[in-house]
Amino acid sequence: FYVFRLWRPGRAAAGRFYVGDSECQWLMDLAHRHADAGPLADKRRFFHACRELDLPTVPILAEVGRAGRIETLASASLPPRGDVFVKPPDRSCGLGAQRWRHGDGPGGDRWQRGGAALPWDALLAHVAREAGPGRLILQPGLANHPGVAGFSRGGLCTLRVVSCLGPDGELAPLWTVWRMPAGEADVDNFAAGGLAAAVDADGRLRPAVRKGDPVTHALHPDTGARIEGATLPGFAALRDLALRAHHRIGFVGFVGWDVALAADGPLLLEANPTWSASLVQAACDVGLGETPLPALLRRFEVA
């Protein structure tokens, strides 16, 4: 009721068309029951799949495995000359993500977060302790392209492209949403308080919404940058990269792609077989029951 602002005049009756995240996940599991979505759901496997398919993606600098074992990629130049982003490879919604900011300190480079300022070896040891029984990956902390830098105080913005590859091989984008961090957040996830604005086919942004916030935002609340009516720079290249990735990977029907416009151009960040119904419905102001999704699901024999 509040996430989708159904309290607005004339909107209460539309509530029957909205789908919860858990319901959407169940539908996606049915649609993907004959596919192995593992290479998309795991960020390590996704990186290696992109590399094999010659798709531009964010490199992995190092992996911390179980028991704190640290593995670095032979192709990685270490220590990096820039920020480092640390995250679990198998979690979503920005959970467990940390950005360590690079700077000079006594005796050389340091990576800072909170009150800590660590040299590279000490950062690796700290991440290994943080991993516990799980896994963590370290990636470069990307900066936004100057054309979109105004949509954030420094955290990375991404375009979520939800696309469908039908059983007949027909590929189409369904929804595109521009996601922006709020405040000092390191992530732009809707579930973590990020802003989300639907993007029309010509790259024009609609007003942004924030989960549970009754107000829509024509301007970014932190930077003052205009959102509503602005044309997203590089929109076609971002969307087309997601579609190219879906065409090459090809084995999962519905995917939510996260694409960043970094300083050097568009890069794939992640792929999500479960792509957040709340994000799409809130930003696009429509229930999934009123979109092509039901007809598409029937093509996957999901009644």
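The lining of the largest pocket has 22 nonpolar, 13 polar and 14 charged residues by class. The model is a predicted one. This pocket has a volume of about 950 Å³. Its lining counts 49 residues, and the closest to the pocket centre are Ser92, Cys93, Asn189, Glu270 and Asn272. Several helices and strands supply at least two lining residues each. The helices are H1 (21-31), H2 (38-41), H3 (43-52) and H6 (277-284). The strands are S3 (84-87), S7 (136-140), S8 (158-165) and S13 (265-272).

Enclosed space was examined next. Rolling a probe the size of a water molecule over the atoms shows where empty space is left. The count comes to one cavity of 30 Å³ or more. The volume of the largest cavity is about 40 Å³. Its lining is made up of Lys43, Phe46, Phe47, Thr57, Val58, Ile60, Gln139 and Leu269. Five of these residues are nonpolar, two are polar and one is charged. Helix H3 gives the most to this lining, with three residues. Helix H3 also supplies at least two residues of the lining of the largest pocket.

The strands were then traced into sheets. Strands of a sheet pair through backbone hydrogen bonds, either parallel or antiparallel. One open sheet has seven strands, in the order S2-S1-S7-S3-S4-S5-S6, and the pairing is antiparallel. Strand S2 (70-72) and strand S6 (116-118) form the edges, each pairing on one side only. From one strand to the next, the twist averages 25°. Within this sheet, four bridges join S3 and S7 in the antiparallel sense. Valine 84 has proline 140 in S7 as its bridge partner. Helix H4 (residues 120-131) packs on the sheet. Helix H4 touches strand S1 (62-64), S2, S3, strand S4 (98-105), strand S5 (108-113), S6 and S7. The direction of H4 makes about 145° with that of S7. Both S3 and S7 also contribute at least two residues each to the lining of the largest pocket.

A second open sheet has six strands. Their order is S11-S10-S9-S8-S12-S13, with antiparallel pairing. The edge strands here are S11 (205-210) and S13, and each of them pairs on one side only. On average, neighbouring strands of this sheet are turned by 30° against each other, direction ignored.

Strand S8 has two partners in this sheet. S8 and S12 run antiparallel and are joined by six bridges. Leucine 159 has valine 259 in S12 as its bridge partner. Eight bridges join S8 to S9, again in an antiparallel arrangement. Leucine 165 stands opposite leucine 171 in S9. The hairpin of S8 and S9 has five residues between the strands. In this hairpin, glycine 169 takes a positive phi near 85°. Strand S9 also pairs with S10, antiparallel and over four bridges. There, arginine 179 stands opposite alanine 196 in S10.

Helix H5 (residues 235-249) lies across strands of the six-stranded sheet. H5 contacts S8, strand S9 (171-180), strand S10 (195-199), S12 and S13. The helix runs at about 140° to S12. Of the strands that H5 lies across, S8 and S13 each supply at least two residues of the lining of the largest pocket.

Aromatic contacts were considered last. The count comes to seven aromatic pairs. One of them is formed by phenylalanine 254 and phenylalanine 300. Their ring centres lie 5.1 Å apart, and the planes make an angle of 45°, giving a tilted pair. Phenylalanine 254 lies in strand S12 (residues 254-262), and phenylalanine 300 lies in the segment after helix H7 (293-299), so the pair ties together parts that are 46 residues apart in sequence.

How values were computed:
Residues numbered from 1 in each chain as written. Predicted model: local features only at pLDDT ≥ 70, side-chain atom pairs only at ≥ 80, totals over all residues. Heavy atoms only, no water. 1 Å grid on protein atoms, 1.4 Å probe; cavity = no way out; pocket = protein on both sides within 12 Å on 5 of 7 lines; lining within 4 Å. Points joined across faces, edges and corners; volume = space filled by probe spheres on them. Nonpolar A, V, L, I, M, F, W, Y, C, P; charged D, E, K, R; others polar. Pairing = 2+ DSSP bridges. Axes fitted to C-alpha atoms, helices over the stretch in contact; angles between N-to-C directions. Contact = heavy atoms within 4.5 Å. Phe/Tyr/Trp six-rings, centres within 6.5 Å; stacked < 30°, edge-to-face > 60°.
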